[in-house]
Structures are given as structure tokens and as C-alpha cells.
Amino acid sequence: MLLINDPADAPTGPKVVAVGSFDGLHLGHQHLLRQAQSEARARHMPLLVYTFDPPSKVFIKGEGFLTDLAEKVELLRGLGVEIALIVPFNEAFSRRSSDDFLNDLRGLEAQAIYVGEDFRFGKGRAGGLVDLHKVAPTQIVPLLEIGGTLVKSSRIRELLKEGSVEEVQRLLGRPYAARGIVREGDKLGRTLGFPTANVEVAPLKLLPMGVFAVRVESEHGDFSGMAYVGYRPVVSGQTLRFEVYLFDFEGDLYGEELDVEFVAKLRGEIKLEGLEALKAQLAKDVEAAKTVLGL
């Protein structure tokens, strides 16, 4: 897959172009991209995905994001996209007119355009679907519905706030994941007999709150485990922590990257009376996680 960040760097020649933020690359996005890819192959043209980093709502509204740039690139590559145009969404880009955006599409030599039904573009969201038809025939792909739920990034964000990772997986078509670097913590888990990795993720990466059964990829291999996201009320914590306990692992993870998949929620945040109560609860959580993970 060719990765570029400026329309001027795109290869010459006719293309099928799919446009959107594609935050999360959920099943609805995948449905749209597969339709675009089918036409591209039928017409012997490459599929170019025109997307943004960060997603527009993250920049404009400060909302959290579902997939960071590296994860989005991996997912697009896995979907067979030939060219990914990932434009930095910054102050200058946010001021561009809808005509500027249409000129980008003309410069890309778009022969067919694919967008979702709620797509808008340009400063003040002035550009609409009718404008895209001025450039090339445009396919407006309706929102996908699964079990009565419209598959939208905004709905997935709501579900993550509830900790409903099983439902999120249903809409994504894969477990929700968070990638981060292990940083030194206060070693509280070690004193309780449950040494945890304190994982630092990118700012604004959305994390579900609570205790979860997880699967983890690391430099040492793949592990099952348990993750906690919260403020640690037992020790009057003030900052959000993302801590992961790997089953059957001994060693030092500082500075390493972990890729954590949230499999199932075990419980929400609860206030326990003291460290001994916390230790007992963690033992129960481990057993619950192992049951969920089939261990």
C-alpha cells in the first residue's frame, strides 16, 4: 500500500476514491470500502482512500479517537487498499473551502467517489453530496445496520464509555484494542501479588472504564490477562490509569509496546475498603477472566 499525505503526491491516472474519517474502520466503513474496491477492480483502477489524521471530530470537538494512525494504516492495508492519502487535519485544513476539496478530487483523477450518507466537507461543512457529483459519479453508501443498531463511530464511542466492549466488537468486527508503552508506575500491584504493566496510550485514545479480560501482544509473545482502566479509588487516585496484568509472565516490560485487545467486561469500578479487600477482589477477577478466556 502506498502511503501519502498530500494529494499532489498521488500517482497519475484514473482512480476510484473513497472519502471519510473512517475512525475505527468499523463494519460500516469496511462495507463501504469493499464496494469501492469492487468497482475499482472491475474498472482496473486503484482504490485510493482519502482520510484524515486526526479525525475531524477529534480536532474540532476534542472528542476521543478509536484508532490511532498506525492502527488505521494497518487496517487499511489489511482491507487491500492500494493508496492511502492521510491528510493532516489541522487549523489550515479546517479552513479550506468545499471547492478546495473538490479540486483535490479532480487532481486525483477520481472516476468514481464513495462516501457515507452523512458525509459533509469543507469549512462549516458547506459541501454536500450533490457537490461531489460535479467531480465524478458518486455512490452514497447507506449506514449499515446490525441487529437494529446503526454502525457509527459515535455509537461505538458511547458504548466504550459504558464499557460495553462485547457490543463494540460486534460493530467493529474485531475486538477493540489499545496500544501503548509500558511506563514505570508505583508498583502497587506487585505488592499485592498482581504485578501490572502501567500502559501509556496516545492522548485522546478512548479507553473503556472498568476491569476486563484481555489478550495482549508483546515483544515476549502473546498472553492472556486482565486490564484495569480507572482512577484507583482504594488509594485515592487522581489520574486515569491503564494497567494490565499478564497471566503466566515474569519479567520487565518497561519501555516496551503492548497491544491490548478488550475481550469482555468483568466489572465496573468499585470502592473497596483497604488493600486486603482489593487483593481478594483481584483474585476473583483473575478467575473470572480465565473463565471468559477459556483458560
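Which element gives the largest share of the lining of the second largest cavity? That element is α1, with 4 residues. Welcome to a quick tour of this predicted model, from its empty spaces to its salt bridges and nonpolar cores. A search of the whole structure finds 3 cavities of 30 Å³ or more and 14 salt bridges, and the largest pocket has a volume of about 990 Å³.

**The largest pocket**

- With a volume of about 990 Å³, the largest pocket is lined by 40 residues, and the closest to its centre are Ser21, Ser56, Asp118, Phe119 and Arg125.
- Two or more lining residues come from each of α1 (27-42), α2 (56-61), α4 (91-94) and α7 (153-162).
- Sorted by class, the pocket lining holds 16 nonpolar, 14 polar and 10 charged residues.

**The second largest cavity**

- This cavity has a volume of about 40 Å³.
- Its lining is made up of Gln30, Leu33, Arg34, Gln37, Leu47, Leu79 and Val81.
- By class, that lining has 4 nonpolar, 2 polar and 1 charged residues.
- Helix α1 has a part in both spaces: it gives two or more residues to the lining of the largest pocket and 4 residues to the lining of the second largest cavity.

**Salt bridges**

- Among the 14 salt bridges is the one between Arg179 and Asp259, with N and O 3.4 Å apart.
- That pair links distant parts of the chain, since Arg179 sits in strand β9 (residues 176-183) and Asp259 in strand β14 (residues 257-267), 80 residues apart.
- Are the two partners buried or exposed? Arg179 has a relative accessible area of 18%, so it is buried, and Asp259 also counts as buried because its relative accessibility is 16%.
- Strand β14 also takes part in a second long-range link: Asp285 in helix α10 (residues 275-292) pairs with Arg267 in β14, 18 residues apart.
- The closest N and O atoms of Asp285 and Arg267 are 2.8 Å apart.
- Both residues of this pair fall under the 20% cut-off for burial: Asp285 has 4% relative accessibility and Arg267 has 15%.
- Arg241 and Glu243 join their side chains in a salt bridge too, at 3.4 Å from N to O.
- Here again the partners are buried, Arg241 at 13% relative accessibility and Glu243 with a relative accessible area of 12%.
- Elsewhere, a network of salt bridges links Asp23, Glu63 and Arg157.

**Nonpolar cores**

- In soluble globular proteins, nonpolar side chains tend to be buried together.
- The largest nonpolar core of this model has 32 residues, of which Leu160, Tyr176, Val214, Phe242, Val244 and Phe262 touch the most other members.
- Two or more core residues come from each of α7, α8 (165-172), β9, β10 (197-201), β11 (210-218), β12 (221-230), β13 (241-246) and β14.
- Helix α8 gives the largest share of this core, 4 residues.
- What does Leu160 touch beyond its neighbours within four places in sequence? Its contacts are Leu66, Val165, Val168, Tyr176, Leu206, Leu207, Pro208 and Met209.
- A second, separate core has 25 residues, including Ile4, Val17, Leu105 and Phe121.

**Where the topics meet**

- Strands β9 and β14 hold the salt-bridge partners Arg179 and Asp259, and each of these strands also gives two or more residues to the largest nonpolar core.
- Helix α7 gives two or more residues to the lining of the largest pocket and two or more to the largest nonpolar core.

Methods: Residues are numbered from 1 along each chain as its sequence is written. This is a predicted model: local features need pLDDT of at least 70, side-chain atom pairs count only at pLDDT 80 or more; totals for chains, interfaces and linings use all residues. Side-chain values use heavy atoms; hydrogens and water are left out. On a 1 Å grid over the protein atoms alone, a cavity is a set of points where a 1.4 Å probe fits but cannot get out, and a pocket is an open set with protein on both sides within 12 Å along at least five of seven lines; lining residues have an atom within 4 Å of a point. Grid points are joined across faces, edges and corners, and a volume is the space filled by probe spheres set on the points. Ala, Val, Leu, Ile, Met, Phe, Trp, Tyr, Cys and Pro count as nonpolar, Asp, Glu, Lys and Arg as charged, and the others, Gly among them, as polar. A salt bridge is a side-chain nitrogen of Lys or Arg within 4 Å of a carboxyl oxygen of Asp or Glu. Buried means under 20% relative accessible area, exposed over 50%, partly exposed in between (1.4 Å probe, protein chains only). A nonpolar core is a set of buried Ala, Val, Leu, Ile, Met, Phe, Trp, Tyr and Cys residues joined through side-chain atoms within 4.5 Å. Contact means heavy atoms within 4.5 Å.
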